[in-house]
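Here are some exercises to work through with the structure open beside you. Try each task before reading its solution.

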Amino acid sequence: MSFKSRPAVFATKLWYSADGDTLDTELSNWLAGVKPTDEDDFAPPVASCKAIIAPHAGYSYSGPAAAWAYKSISTAGISRVFILGPSHAFYLGGCALSKCETYETPLGNLTLDREVIEELYKTKRFEYLQPRRDQGEHSIEMHLPYVYKVFEESIDNIKIVPIMVGAIDQEQEEEYGKILAPYLERDDTLFVISSDFCHWGHSHYGYTFYYPETIPSDVPGVHLRRSGPRPAPSRPIHASISDLDHEAMDILAQQPASTAHTKFVAYLERTHNTICGRHPIGVLMGALSALEEKGKQARMKWVRYEQSNRCVSFDDWSVSYASAFVTF
């Protein structure tokens, strides 16, 4: 059973513009702002780009950072885009698929690949989302305008496969990764992984992890509290957050992917970093690990990192945004 269409629920002032012309101009400007960097050997679009990791916050916060991932995409030959996003709005113990035929954006509609979705459902490892739950989650929707914009010249040939990823463990991430690996391997398929990075702040997120010294260091991290411990004047909170996020980013970029995946899980258990897309990232790592077993070596490169606010005091808060691409 399928439903006709999912509306652009989050096309509001808080998230992104509902006006197609305004949105198109914003996306164009952000993409145009992405420039090659000699020091990082980054010259988009990137040939053989097979996956990206990009944030999903309101565009006024994360739109410019996400552009760095989307500018990495080489669109030639791509006709299918998987979009894996975490479930924020409700508990999900596995992975879920949409019943819809199209997803709406202010730029135009995106067609879902019902054939592939049915193939995945027949594995008996996926469930279907009820429409209200499909519409209640923003992590996938926030990528739809970018997908439409980047593929606008071939949009009639593009189909998407949205997958909502729940609170699964490493074993499940590997299992789902093995199911999705044959699709990732296809020349006509691209994967988009939706994730913000550290959500820091005691009042907003209940997370105040802090590295007292620049890492690597033998001094362990602590959780800041109003009563103490407090940040050192020479070590601002935003610098610690950056170290914390880059620690995860460096781990994920290691090879082989199977080892990186295990190290990433251990890192999360140690720091509890509030990377909301950790499970979609884990599924990607599971898929890369499965392809490594077939002799395909993946390379992940991070090209952008930003914070919504530079935290300096205990009462500050911020969300981090990171963008990467993956090639074989």
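**Exercise 1. Sort the residues that line the largest cavity by class, then find where they come from.**

Solution. Start with the classes: the lining of the largest cavity has 8 nonpolar, 1 polar and 4 charged residues. Here Ala, Val, Leu, Ile, Met, Phe, Trp, Tyr, Cys and Pro count as nonpolar, Asp, Glu, Lys and Arg as charged, and the others, Gly among them, as polar. This is a predicted model, in which local features need pLDDT of at least 70 and side-chain atom pairs count only at pLDDT 80 or more, while totals for chains, interfaces and linings use all residues. Residues are numbered from 1 along each chain as its sequence is written, and side-chain values use heavy atoms, with hydrogens and water left out.

Next, pick out the residues at the middle: of the 13 lining residues, Arg6, Tyr103, Asp134, Ile140 and Met164 lie nearest the centre of the largest cavity. Then look at the elements: strand E4 (95–97) and strand E8 (159–165) each supply at least two residues of this lining. Helices (H or I, at least four residues) and strands (E, at least two) are DSSP runs, numbered from the N terminus.

Finally, the volume: the largest cavity holds about 70 Å³ of space. A cavity is a set of points on a 1 Å grid over the protein atoms alone where a 1.4 Å probe fits but cannot get out; a pocket is an open set with protein on both sides within 12 Å along at least five of seven lines; lining residues have an atom within 4 Å of a point. Points are joined across faces, edges and corners, and a volume is the space filled by probe spheres set on them.

**Exercise 2. Which element gives the most to the lining of the second largest cavity?**

Solution. First, the search: the whole structure has 2 cavities of 30 Å³ or more, and the second largest has a volume of about 60 Å³. Two elements, H9 and strand E13 (299–307), give two or more residues to its lining. H9 gives the most, with 3 residues. The lining includes Ala257, Met285, Leu288 and Glu292, and by class it has 7 nonpolar, 3 polar and 2 charged residues.

Now stay with H9 (residues 278–292), where you will find Ser289. Ser289 counts as buried because its relative accessibility is 12%; buried means under 20% relative accessible area, exposed over 50%, and partly exposed in between (1.4 Å probe, protein chains only). Beyond its neighbours within four places in sequence, Ser289 is in contact (heavy atoms within 4.5 Å) with Ala257 and Ser258.

**Exercise 3. Is Leu180 buried or exposed, and what is it in contact with?**

Solution. Locate Leu180 in helix H6 (residues 170–185). Its relative accessibility is 1%, so Leu180 counts as buried. Its contacts, leaving aside neighbours within four places in sequence, are Phe82, Leu84, Leu120, Phe126, Ile163, Phe191 and Val283. For a sense of distance, Leu180 and Thr123 are 57 residues apart in sequence, and their C-alpha atoms are 11 Å apart.

**Exercise 4. Describe the largest pocket, then place Ser308 relative to Ala57.**

Solution. Begin with the volume of the largest pocket, about 260 Å³. Its lining has 14 residues, and Trp15, Ala57, Gly58, Tyr61 and Tyr205 are the closest to its centre. By class, the lining divides into 8 nonpolar, 5 polar and 1 charged.

Move on to Ser308, in the loop between E13 and strand E14 (318–327). Ser308 and Ala57 are 251 residues apart in sequence but 9.9 Å apart in space, C-alpha to C-alpha. Tyr61 is among the contacts of Ser308, as are Trp317 and Tyr321. With a relative accessible area of 26%, Ser308 is partly exposed.

**Exercise 5. Which peptide bonds are cis, and where is phi positive outside glycine?**

Solution. Recall the background: most residues other than glycine have a negative phi, and most peptide bonds are trans. Check omega next: the bond from Pro44 to Pro45 is cis, with omega near -5°, and the bond from Ile215 to Pro216 is cis, with omega near 5°. Pro45 is in the loop between helix H1 (20–32) and strand E2 (49–54).

Then check phi: Ser48 has a value near 65° and is in the loop between H1 and E2. His272 has a positive phi of about 55° and is in the loop between helix H8 (257–271) and H9.
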